[in-house]
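Biologist: Before we go into details, could you put the model on the screen and take me through its ligand site, its empty spaces and its unusual backbone positions?

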Amino acid sequence: MSIIETDKKYVAGTYNRFPVEIVSGKGSVVTDIDGKQYIDMGCGIGVTAFGIADDEWQRAITAQIGKVQHMSNLYYTEPCALLAEQLCLRTGMKKVFFSNSGAEANECAIKVARKYAAEKHGADCYTVVTLNNSFHGRTLTTLAATGQEHYHELFRPLTPGFASIDAGDMDALVQLAEREKIAAVMIECVQGEGGVLPIPREFAVRLEQFCRANDIILIVDEVQTGNGRTGTLYSYMQYGLQPDVVSTAKGLAGGLPLGATMIGEKAQNVLGFGDHGSTFGGNPVCCAAALSILSRIDDELLAGVRAKSEFMFRAFSGAKGINAVTGMGLLIGLKTEKPAPEIVNRLIGDGVLCLTAKDKVRLMPALNIPDELLAAAVEKIKAACAG
Ligand SMILES: *Cc1c(COP(=O)(O)O)cnc(C)c1O
């Protein structure tokens, strides 16, 4: 049996994979089993922040693997402590809880908000408000948080205590707050899975003011937008927000599983002994990887992300077959005349790997993709959209 046949036979059928078997790669180029090369404009959904098998990233993890690959959270390890310190120094947050994925980072954020609200405002204060068209994960609680009905259909009952409003609709939030106690509001600044849609700025600012005035925990989900992806370390920084809780994952460890929930001053002491835990969370190899990644997301790198982004916006705006370009930094959505899946399929033939998000073609190249490779991919994408 080929690997594709074996996978189809034995791996749970949750993924509609493209008929491509990737065997290796370097930087922004990946190679399939037949030796065909592709420019990687998806990065494992924004995970391989500095591309495939990056040298510096490899050195960081192999050095740690040679020391200790895992300890339980019963003991201290250096990478975990130093990564938490770095995240706090660079965001102004006060505490970090480590997990293994975006969904888990959001679960922790929700637990923090629920406990804070219960202690401060009573047991009937638990509702978490999210935005329609959001995506917060696949566990039953983060599905409840995800404001897209089609993800819910076959899995009810979901965790209760969630409500959703439209991005931009402050009145809906105010009305909801008159009917029930609200513990937290959770937003993405750019709805990634929802179609690469930045939320309106004035709305985000008013939302923050409302949360602050009513002692509601503001959670920003930076799982997709975080770690340099949008041109700042976290996307909320471009919105001028100061969230109480920030969750992140995807690109944080450059390709190893790591989630982080950062907790600001207001809720910094909410989690105590036994309130939460994770066997793998804070794994030293994953944390060493993230320390290496974070150390490279400096002003120069971020300026590069913004320059590459501007280049892409300029190249795609008004191009034939492209009706709109949305997003921030190197998280870009193309509203195309032809259906997005058709374009992505054609581009596989042309040697470019892209993503979709709702009806958009979604592009998330490595933060350090060389300009020549980016230009080559952009030309092929433009041709696929036009022809
Ligand atoms: C991908 C994603 C998640 C879920 O992350 P997993 O690691 O797949 O659990 C949550 N929120 C956002 C915004 C995401 O893009």
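Modeller: One definition first: a polar contact is a pair of N or O atoms within 3.5 Å, and within protein one of them must be able to donate a hydrogen and the other to accept it. Please also keep in mind that this is a predicted model.

Biologist: With that cut-off in hand, which residue has a side chain joined by a polar contact to that of Lys308?

Modeller: Lys308 belongs to helix H10, which covers residues 299-316. Its relative accessible area is 12%, and because buried means under 20%, Lys308 counts as buried. The contact from the side chain of Lys308 spans 2.9 Å, and the partner side chain is that of Asp371.

Biologist: Turning to the ligand, which element gives the largest share of the shell around it?

Modeller: The residues surrounding the ligand include Ser101, Gly102, Ala103, Asn106, Phe135 and His136, and further along the chain Glu188, Asp221, Gln224 and Lys250 are also among them. By class, the shell divides into three nonpolar, six polar and three charged residues. The largest share, three residues, comes from the element spanning residues 102-121, helix H5.

Biologist: What percentage of the ligand's area does the protein bury?

Modeller: Some of the short distances involve the backbone: an oxygen atom of the ligand is 2.8 Å from a polar backbone atom of Gly102, and a ligand oxygen is likewise 2.8 Å from a polar backbone atom of Ala103. A side chain takes part as well, with an N or O atom of Gln224 lying 2.7 Å from an oxygen atom of the ligand. Taken alone, the ligand exposes 380 Å², and the share of this that the protein buries is 81%.

Biologist: Let us move to the empty spaces. How many residues in the lining of the largest cavity are charged?

Modeller: With a threshold of 30 Å³ or more, the count comes to one cavity, and the volume of the largest cavity is about 30 Å³. Its lining is made up of Gly46, Ala49, Gly226, Asn227, Gly228, Arg229, Gly251 and Leu367. Sorted by class, these are two nonpolar residues, five polar residues and, for the class you asked about, one charged residue.

Biologist: And for the second largest pocket, which elements give two or more residues to the lining?

Modeller: This pocket has a volume of about 1000 Å³, and 33 residues line it, with Asn73, Cys80, Val96, Phe97 and Phe98 lying nearest its centre. The elements that each give two or more residues to that lining are helix H4 (78-91) and strand E4 (95-99).

Biologist: How does the lining of the second largest pocket divide by class?

Modeller: Glycine is counted as polar in this scheme, whereas cysteine is counted as nonpolar. On that basis, the lining residues of the second largest pocket divide into 16 nonpolar, 15 polar and two charged.

Biologist: Now the backbone. Which peptide bond is cis, with omega near 0 degrees?

Modeller: As background, most peptide bonds are trans. The place to look is the loop between helix H6 (140-145) and strand E6 (162-165), where Pro157 lies. The cis bond leads into that proline, running from Arg156 to Pro157.

Biologist: What is the phi of Cys43, and is the residue buried or exposed?

Modeller: Most residues other than glycine have a negative phi. Cys43, in helix H2 (residues 43-46), has a positive phi of about 55 degrees although it is not a glycine. Its relative accessibility is 1%, so by the cut-off of under 20% Cys43 is buried.

Biologist: Where is Asn133 found, and why does it count as buried?

Modeller: Asn133 also has a positive phi, near 75 degrees, in a residue other than glycine. Asn133 counts as buried because its relative accessible area of 16% is under 20%. As for its place, Asn133 is found in the loop between strand E5 (127-131) and H6.

Biologist: Finally, is Gly35 buried, exposed or partly exposed?

Modeller: Gly35 lies in the loop between strand E2 (29-32) and strand E3 (37-40). Its C-alpha is 9.4 Å from that of Ser24, eleven residues apart in sequence. With 45% relative accessibility, between the limits of 20% and 50%, Gly35 therefore counts as partly exposed.

Definitions and conventions
Residues are numbered from 1 along each chain as its sequence is written. This is a predicted model: local features need pLDDT of at least 70, side-chain atom pairs count only at pLDDT 80 or more; totals for chains, interfaces and linings use all residues. Side-chain values use heavy atoms; hydrogens and water are left out. Helices (H or I, at least four residues) and strands (E, at least two) are DSSP runs, numbered from the N terminus. Buried means under 20% relative accessible area, exposed over 50%, partly exposed in between (1.4 Å probe, protein chains only). On a 1 Å grid over the protein atoms alone, a cavity is a set of points where a 1.4 Å probe fits but cannot get out, and a pocket is an open set with protein on both sides within 12 Å along at least five of seven lines; lining residues have an atom within 4 Å of a point. Grid points are joined across faces, edges and corners, and a volume is the space filled by probe spheres set on the points. A residue is near a molecule or strand if one of its heavy atoms lies within 4 Å of it. Accessible areas come from the Shrake-Rupley method with a 1.4 Å probe; for residues, only the protein chains shown count as cover.
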